[in-house]
Amino acid sequence: MFPILSVIVLAPLAGAAAILLLSGLHIIGKENQAAPRAIALASTVISFLGSIWVAWEFYQYGGGGILFEEPLSWAGRGGQWLAGLGASYHLGVNGISASMVLLSGILGFVAVIASWNIKERMREYFTLVLVALCGVFGVFATLDLFFFFLFYEMASIPMYFLVGMWGSSRKDEQRTVTREYAAMKLLLYLQLGGAMILVGALGMYFGSSARSFDMTLLARENFPVELQRWLFPLLFLGFGIEAGFWPFHTWLPDGHSAAPTALSMLLAGVLLKMGGYGMVRVAMDLLPDGAAWWLGGGGTILSKVFIFCALINILYGALCAMHQKDIKYIIAYSSISHMGIVTLGFASRGVTGINGAVFQMFSHGVITALLFALAGLIYEKSHTRDITQHGGLAARMPILAVFFYLGGLATLGLPGMSGFVAEFLVFLGAFPMYKYVTLAAITGLVLTATYILRAGEKIFLGPLNTKYEAIGDVMGIEKVHLYTLTFFVILFGLFPTLLINLSNPAVTPLAQKLGGLLP
Amino acid sequence: MNCSGSRPRARRLRGEPRSNGHVQAMPDRGWLVPLLPFLSFLVIVFGTYRQARLSGYVSVAGIALSAVCSLALLGKGLLGGVASPAPLTWIQMGGFELQIGILLDPLSLMMISVVSVVASLIQIYSLGYMHDHEYSRFYSYMSLFAFSMLGLVVSANFAQIFIFWELVGLCSFLLIGFYYQKHSAARAAKKAFVVTRFGDLGFVMGIVSLTWLGMKAGVGVSDALSFENLAQFLTQIPADYKQWIPWVALLIFCGAMGKSAQFPLHVWLPDAMEGPTPVSALIHAATMVAAGVYLVARTYPIFHFDPWVLGIVAVVGAITALVAATLALVQTDIKRILAYSTCSQLGYMMLSLGAFGYGAGVFHLMTHAFFKALLFLGSGSVIHALHTNDIWKMGGLYPKMKDTSITFLIGTLALTGFPLLAGFWSKDEILTNLLHTDAPNHMILFGLALLVAVMTSFYMFRLWYLVFSPVRQAPSGTHESGKVMTLPLWILAVFSIVIGFVGTPWANFFGHFIHYGEGGHEAGFSLTVGLLSLAVFATGWYLAKTFYRSTELPYAKILSIPGIRETVALVSTCLTDRFWGIVVRGIVINRIARAAAWIDTNVIDLAVNVVGWTVKGTGFVLRFFQTGKVQTYATYMLAAILIIFFWFFR
Amino acid sequence: MTDFLLYKLSHVGLDHVLLMGALLFSIGLYGVLTRRNAIAVLMAVELLFNAVNINLVAFSRYITPSLMTGQIFALFIIAVAAAEAAVGIALILCLYRHRRSVYVDEADELQW
């Protein structure tokens, strides 16, 4: 069979290698912008098309198994790579991973488009972006915890350099954040999460009878309940830090806002999803008893901790977003709020809730990338991210305003857009488990509406700020990623089945294992 | 949803027989009704956006065709032969299913007819009212609205109605903020959206808890949310959980309160008048704001389950009717008067629904749609001519704008309950029902309703005398609006006159067509009520006449004494905006959100930074041990080895 | 007691050799830690090596005389030490060329 997953994962890496090699041979000069861009675009397009193919095949298959498993011959633990470690280069996707691979494919492509106008150090920039993308794809495509961790680090470490070198600093009365500070914070938090994940993974490795990192083997392993109870919070929190879990979320606004546009899109779009994906695919799938205990089933106050943190995420993130002036901070805090919905969905342990959470991961990835792209465009044109400095821009940039409102309305859960389906399913799934928490979480809807509309009003509506008489609308290549992202937001909003049919067959057995509700 | 297009095909493929065994020449293409405006929306957005005029015609054509379809369906429905098409599955996972369906029953047939007819007339009117360069944007929004509203009306379940519920909210947002370069419009749009969202929270909670009840009853999500099976589903809920049903009903009512601008969520409606006048007529008078009332009527079984919920509905309705009517008395903006009047009339409908007057409430919903649209369009015609909203700057328009004035008078008479006009019948039915119902405290409610009727009559005639009465002098250069605007006015005026006759107490076609439960609860004719209502109408009219029908306006001077009007205004703001201003801006945004943001920077981030600083400080101390001299390090090493050595071999 | 001392003085045994190795090591260590001149440090390091060599040979000779592991190991160390000395002197030469000084306490920065 054609190794499509390897192609998806390794295409960005090959692109990065090509840029490095050609630069090393002085074929691509320092001033050459077109070549690194073209290489990056080509490799991400390959991944994008591949990921669409994977998702489509999976949609047609519609089962709960693993597809595109490779290398098939090594799956029998024969002559595997790194056999002594119990680790192997083992790829394969189930429904949840397939949707995440699709998300990464979309975002990898649009991130390159959004980087089109990067001026300085193009070669280094695209090399790092492509390496990170390889890591992202790898995380979603691998079936081996060792490689999972490897890819995880591959995705997170380039972020440090990208934020630190191409990022922007901020200094105003609300906050002073240098890009170096933001980069360091981001890296440290990701590494803290990574360390917890590593401990959890090693715990599973040494606790398993097979001494293996292979997730398919570990899933069959019946870990003792005690061990699961110890390992689960480590893994869940480790991934949670990456998903902006309160109170370990403060890297997120600083990091996202300091990052260059394309990187903000990637960070919010897929890096947070690596956390959410790890929560469900590693922590919950491999340690179901621990998950059931910690997610409400334990009967002690400890088993409510994660749920309350999810609630705090939802409300607190939204409240913080209401008080921000910097457009990127607003979006970043809204990410915190929305990732809380993901956690709430997972915590519901039921089919509806987990499906909703997976949907929310996808939908939030696309929507927030759209919003960050717009924030980047606005900044590029007006040279400020402070929403109070704008005003009336809709008159000069109608297309941008339309896209902003599309993204904003999707964020606040307008039906017809993907955000609505996700939130609705999560609430439906979570209510039977945690009534008051869910009711409280629903109030987040009105908070979201408030901050999104506030931002929209301050930037686009009202009389035109005279400073911006000559400001121009988006044009040319800038539109490509806006159209792409909006297309997916509306597509999955109108036809949610396209995505739910991917995740549902994988979620149903998981919910059974977790003892959650089946509809 | 454009996926609704394949519904009849799916049905045909499955070869299901049509229900009722009626032989029908044409399949019931109920989905055409919302779909046609959606098509025109798509055509405008993706096709004719650059050709303004064409966009207008596309939109009008779409909604007019939709109106034709609706009327055809209504006709078929009156003959008793309409079947709802089979629903389409929208989301499915295992046993979980959400459906999109078209529910065609008398209530929805009536509503689609009213909505599409009024919307067509208003869109035609807008051809004259709006400026050319605004056409494309305006008509795309209007088409989207028509689609959403019609979709809302034909929704077959809670999830679907919520989808369209939010979409009409979006359209309302877009259209209120149509003149987005005005601060006030932008802010009003935001306010409308957020305030209705407040109510929607309850709606979502209600839907979510309804599915939970469904789970307890062993009923699938799609059945638990379906309107058709609602009454039956409620009986299936286990006894232990029945106590939750009224709470669910209250939560759903929250949604209705937000959308129908019921006290205390009514504050957005007057501000919504920032939108173009046709929008106010269509969305904020005739159709969307009535959606809340429609929702209560649509989900009546759940309200009817426990009478105390209906009692609350009635009380909220009565308070809204009273408060809004009071506020309408002192407004100076022509559209705000009408807005408060709308609010008040919506309260009236709620009051009626809450007092078991299902048929009367829905009947008033229908008649109100026509005459309030008429009134708004009339005011639009005036504003179009005078470019002001202030009634004190108008006056004596009758000789200059005959068509507008006469139709406006017809609308006024219909609203105030002049005998034989539309409002008379519906209002009488409400009052009669209130008098004879066995709802708790119905006499108090009856008294309140009469009081509101007096006030309505007063503020409407005040408006008419101040704006149209030839006693005052018209501003110079005033002229009548064009035919494209006056024609819809006349059509609506005709409707306002005749539409009431479908529901006279003696031959209540309406009541037979649309009723809850067994029917036959419609109150008959009551001479007492008839006379009372005539007296009420006359009182209001007389008071208004004495106050405002003269050039000197002697009594009006009382109101214009410095201080009096301010006092009234102050009281009214305390009742309305001020409260929400304090809650939302004062507490939520300025206190809680600021506190959260402060905590984020100064507590959590501080803790993070403290960790960082600790590491840094440790490093600062330790760096003195790092001299860079190899021999120092070797000495440390030696010392360490010795210590370890002695530690182990002591 | 006297007998023991006499025996110890007249017969060279393992502990004598070890004692000598220890002394040599201490001298070498002292040199490494205190000499400023890099060449002297290098020489002191050679002393350390040789102390170790002596130990290895002594253990081999007195404990497992039939095997030659200690001696072979010592040969290896001598070879490595020679290489090390060559590299070390090259480094010192480099250092001298850069700084005109071979004092180790002056070369206390990694980057210069």
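**View 1. A glycine just past helix α3 of chain B.** Right after α3(B), B:G80 takes a positive phi of about 90 degrees. This is a predicted model, so treat every view here as a prediction. The helix leading up to that glycine, α3 of chain B, covers residues 52–78. With 27 residues at 1.5 Å a residue, α3 should span 39 Å, and because its end C-alpha atoms sit 39 Å apart, the two figures agree.

**View 2. The hairpin of β1(B) and β2(B).** These two strands pair in the antiparallel sense over 5 bridges. Look for B:M93, which stands opposite B:F96 in β2(B). There are 2 residues between the strands, and B:G94 in this hairpin takes a positive phi near 60 degrees. Strand β2 of chain B (residues 96–100) is mostly covered, with 4 of its 5 residues buried.

**View 3. Where chain A meets chain B.** There are 2 pairs of chains in contact, and chains A and B share the most contacts. Chain B puts in 43 residues and chain A puts in 46 residues. On the chain B side, β1 (88–93), α6 (158–176), α7 (183–216) and α26 (577–622) each supply at least two residues. The most comes from α7(B), with 16 residues. Sorted by character, the chain B side of this contact has 27 nonpolar, 9 polar and 7 charged residues. Strand β1(B), then, turns up here as well as in the hairpin: it supplies residues to the side that touches chain A and pairs with β2(B).

**View 4. Where chain B meets chain C.** Here 8 residues of chain B are in contact with 7 residues of chain C. The chain B side divides into 3 nonpolar, 4 polar and 1 charged. Don't go hunting for a contact between chain A and chain C: they do not touch, and their nearest C-alpha atoms are 23 Å apart.

**View 5. Inside the largest nonpolar core.** This core has 449 residues. Those with the most contacts inside it are A:V129 and A:M265 from chain A, plus B:V118, B:V296, B:A373 and B:A449 from chain B. Which residues is B:A449 in contact with, leaving aside neighbours within four places in sequence? They are B:Y348, B:L351, B:I430, B:L431 and B:L434. A second core, separate from this one, has 5 residues, including C:V32, C:A38, C:L42 and C:V104.

Notes
Residues are numbered from 1 along each chain as its sequence is written. Chains are lettered from A and ligands numbered from 1 in the order in which they are written. This is a predicted model: local features need pLDDT of at least 70, side-chain atom pairs count only at pLDDT 80 or more; totals for chains, interfaces and linings use all residues. Ala, Val, Leu, Ile, Met, Phe, Trp, Tyr, Cys and Pro count as nonpolar, Asp, Glu, Lys and Arg as charged, and the others, Gly among them, as polar. A nonpolar core is a set of buried Ala, Val, Leu, Ile, Met, Phe, Trp, Tyr and Cys residues joined through C-beta atoms within 7 Å. A residue is buried if 20 or more other C-beta atoms lie within 10 Å of its own, exposed if 12 or fewer, and partly exposed in between; C-beta atoms are placed from the backbone. Two strands pair if DSSP finds at least two bridges between them. The expected span of a helix is 1.5 Å times one less than its number of residues.
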